[in-house]
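Dear colleague,

Please find below the structure that I am handing over to you. I should be grateful if you would look it over before reading the notes that come after it.

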There are 2 protein chains.
Amino acid sequence: MRLILVAGATDTAKIDGISAAGADSDLLAHTPSADLELVEYGSLVRAPELPVSPTGCPTPAAVTRAVRERLDLDFLAVDAGLSVPTGAPTVSVGAKRGRDIRETDPVPTAPGSFLAARQLGQKLPDDELVVGETIPGGTTTALGTLRALGEEWAVSSSFPENPMALKQSVVADGLDASGIDVGEFAYEPLLAVRAMGDPVLAVVAGLVAGALDDDKDVILGGGTQMLTAAALVRHEGIAGPLTLATTSYLADDVPVLAEASNSLDVELAVTDPGFGQRDDALAQYAAGEGKEGAGMGGALLLADRAGELEHVGETTTKVVDAAGVTYGP
Amino acid sequence: MRLILVAGATDTAKIDGISAAGADSDLLAHTPSADLELVEYGSLVRAPELPVSPTGCPTPAAVTRAVRERLDLDFLAVDAGLSVPTGAPTVSVGAKRGRDIRETDPVPTAPGSFLAARQLGQKLPDDELVVGETIPGGTTTALGTLRALGEEWAVSSSFPENPMALKQSVVADGLDASGIDVGEFAYEPLLAVRAMGDPVLAVVAGLVAGALDDDKDVILGGGTQMLTAAALVRHEGIAGPLTLATTSYLADDVPVLAEASNSLDVELAVTDPGFGQRDDALAQYAAGEGKEGAGMGGALLLADRAGELEHVGETTTKVVDAAGVTYGP
């Protein structure tokens with residue numbers, strides 16, 4: 001078992017109002033590098049500040065770190081195009097920071113880094129991987145990628161109020177810039193992620209593809225970005241069991257998540273860490289801030305499996321299998 | 001407590017007969033990257049083969065990994081100028097592979113990477129660091145660095161027969177190429193390591209300096225290369241307690257080691273893992289192959305402290321303090 005965080009950047013995050021993954025636009029760029037340090041060390045090494053949303057909601061990486069510490073999880077950070085250096089050790093797969101999807105060819109490193117990540121996913125010595133992401137602006141590039149693939153599912157937001165109209169407008173501009181129609185890159189996932197995605201999606205899809213090649217169990221820890229990575233894997237024609245492990249906060253925000261997972265033959269596991277009952281900053285999650293990210297949903301599923309969730313709050317893990325049957329309380 | 005391996009390359013290793021840190025000259029280049037994967041994962045991910053000497057002696061990284069696994073040690077790999085990519089996650093401090101010390105300015109990244117490593121050493125959250133190195137050809141660049149500093153101590157070798165005449169000739173050519181005399185860079189360690197050293201020495205010295213700035217305990221796990229790093233730190237004017245933890249095989253090869261450590265105010269700890277009593281490839285260590293490297297002496301000291309050394313063989317840890325007093329059996 002190894003927990004993996006894939007971290008990178010897209011200039012799409014610089015569009016005003018797109019991302020809450022930082023206290024302001026300057027700090028946003030540091031969030032992935034800081035998240036890696038937090039999960040690796042439990043404290044910052046090079047990053048200037050603990051990542052918080054504009055209203056002070058702490059990064060989900062803090063939750064992932066807490067679970068990692070309690071369960072003594074092996075951890076691997078993958079550099080999928082970081083824009084600032086990190087003090088955490090990372091594996092490079094040749095990815096570079098992505099450009100704004102309203103430009104042409106925003107993710108030119110996608111094909112090479114997909115292949116390098118696929119080899120890494122094959123070769124890692126573990127039987128099971130839990131993969132998460134940290135990239136501000138990632139739900140917008142996920143939306144763009146889904147549309148290029150012809151998938152109609154919605155995406156979530158780190159804001160309490162999802163700026164969907166803005167995201168749809170950015171995606172429409174991106175499709176125009178790339179000169180493609182909705183669905184034009186169905187079954188051509190490397191073209192889809194290169195034209196409308198971000199470097200993290202390409203690397204997550206490669207890692208997952210490689211892990212499935214090697215019959216590893218894979219848990220995607222996250223929300224609609226990780227679901228988009230699953231879509232890329234499925235559009236590449238790769239079968240094999242996948243579980244999307246997310247938080248109740250994310251699942252509540254995206255009612256279509258179970259149906260979307262089902263359509264991609266992905267099992268859905270939803271965990272409620274009960275943060276609404278806390279009197280600290282984590283309570284903001286229950287009010288719709290943050291919701292998910294940095295592998296949080298995957299970490300919570302592992303914590304629940306290990307019987308550790310009573311330490312953070314009452315939990316109700318709900319598992320929905322690919323046929324839509326719900327288990328658990 | 002964190003185990004750190006600083007890994008890099010110098011083209012000095014390409015000189016025929018200089019290094020036994022690889023089965024042949026092609027595989028030599030892969031040794032540091034492979035060592036990191038071995039200590040990180042317990043198996044190779046990108047590297048082509050397990051590093052062995054020309055006669056099949058396994059890399060000391062295998063011993064370090066065994067100890068890491070048994071003691072569940074946190075591990076950090078630092079890229080100090082790797083020449084081939086590694087599948088292990090690494091922190092970059094801006095170091096690039098070193099050129100042959102018979103060229104002018106073989107380590108131009110030394111000043112910047114020393115500073116970046118020093119910051120890292122300050123900021124790491126641990127109370128104690130065990131630092132090791134993996135760089136083929138590193139004893140020759142250590143000898144060159146010692147001479148530039150005006151230190152007269154000998155260096156060891158991964159060969160059973162130390163090619164000292166060859167090393168001295170390479171160092172003499174290097175001093176000529178840089179236009180400097182023996183001792184010319186005493187108390188100017190950054191000039192010494194830049195002119196006659198390798199990128200790993202610069203980064204180890206920086207890490208150790210930073211750790212001492214922050215009052216961390218530091219164990220240097222290795223032989224004469226790590227002693228050279230200590231010399232760089234002392235010539236920078238940095239005091240603070242340092243322990244050199246090495247193997248009995250290395251200590252037997254360098255009779256002057258206790259005196260040299262003493263002169264640099266470094267405590268010496270020598271551990272004998274009893275490999276001479278084994279009937280596998282590790283017995284070659286007792287015949288003078290390999291001897292030390294990849295933090296092996298430091299890992300063995302930790303194993304001994306934890307009472308775990310009976311698992312690998314009878315041990316006699318001998319501690320020599322800076323005043324030359326010997327403790328233990």
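The notes below cover the relation of the chains, their interface, one helix and one loop residue.

This is a predicted model, in which local features need pLDDT of at least 70 and side-chain atom pairs count only at pLDDT 80 or more, while totals for chains, interfaces and linings use all residues. Residues are numbered from 1 along each chain as its sequence is written, chains are lettered from A and ligands numbered from 1 in the order in which they are written, and side-chain values use heavy atoms, with hydrogens and water left out.

**Relation of the chains**

A turn of 180 degrees, with a shift of 0.0 Å along the axis, lays chain A on chain B with an RMSD of 0.0 Å (superposed by least squares on the C-alpha atoms of residues with pLDDT of at least 70 in both copies). This is the relation of a two-fold axis. Both copies use the same surface, as 100% of the contact residues of chain A recur in chain B (contact means heavy atoms within 4.5 Å).

**The interface**

Chain A gives 23 residues to the contact and chain B gives 23 residues. About 1600 Å² is buried between the two chains, 49% of it from carbon and sulfur atoms; buried area is the accessible area (1.4 Å probe) that two parts lose on being put together, summed over both. Two salt bridges are counted between chain A and chain B (a side-chain nitrogen of Lys or Arg within 4 Å of a carboxyl oxygen of Asp or Glu). Arg2(A) and Glu40(B) form a salt bridge, with their closest N and O atoms 4.0 Å apart. On the side of chain A that touches chain B, helix 2 (31-41), strand 2 (74-80), strand 3 (91-95) and helix 4 (110-123) each supply at least two residues (helices, H or I of at least four residues, and strands, E of at least two, are DSSP runs numbered from the N terminus).

**Helix 12 of chain A**

Helix 12 (residues 296-305) is largely enclosed by the rest of the structure, because eight of its ten residues are buried (under 20% relative accessible area, with exposed over 50% and partly exposed in between; 1.4 Å probe, protein chains only). Among the buried residues are Met296(A) and Leu302(A). Their cover includes helix 3 (61-71) and strand 4 (128-134) of chain A. After helix 12 comes Gly307(A), with a positive phi near 70 degrees.

**Asp11(B)**

Asp11(B) lies in the loop between strand 1 (2-7) and helix 1 (25-28) of chain B. Asp11(B) is buried, its relative accessible area being 17%. Apart from neighbours within four places in sequence, Asp11(B) is in contact with Arg97(B), Gly98(B), Arg99(B) and Asp100(B).

Yours sincerely
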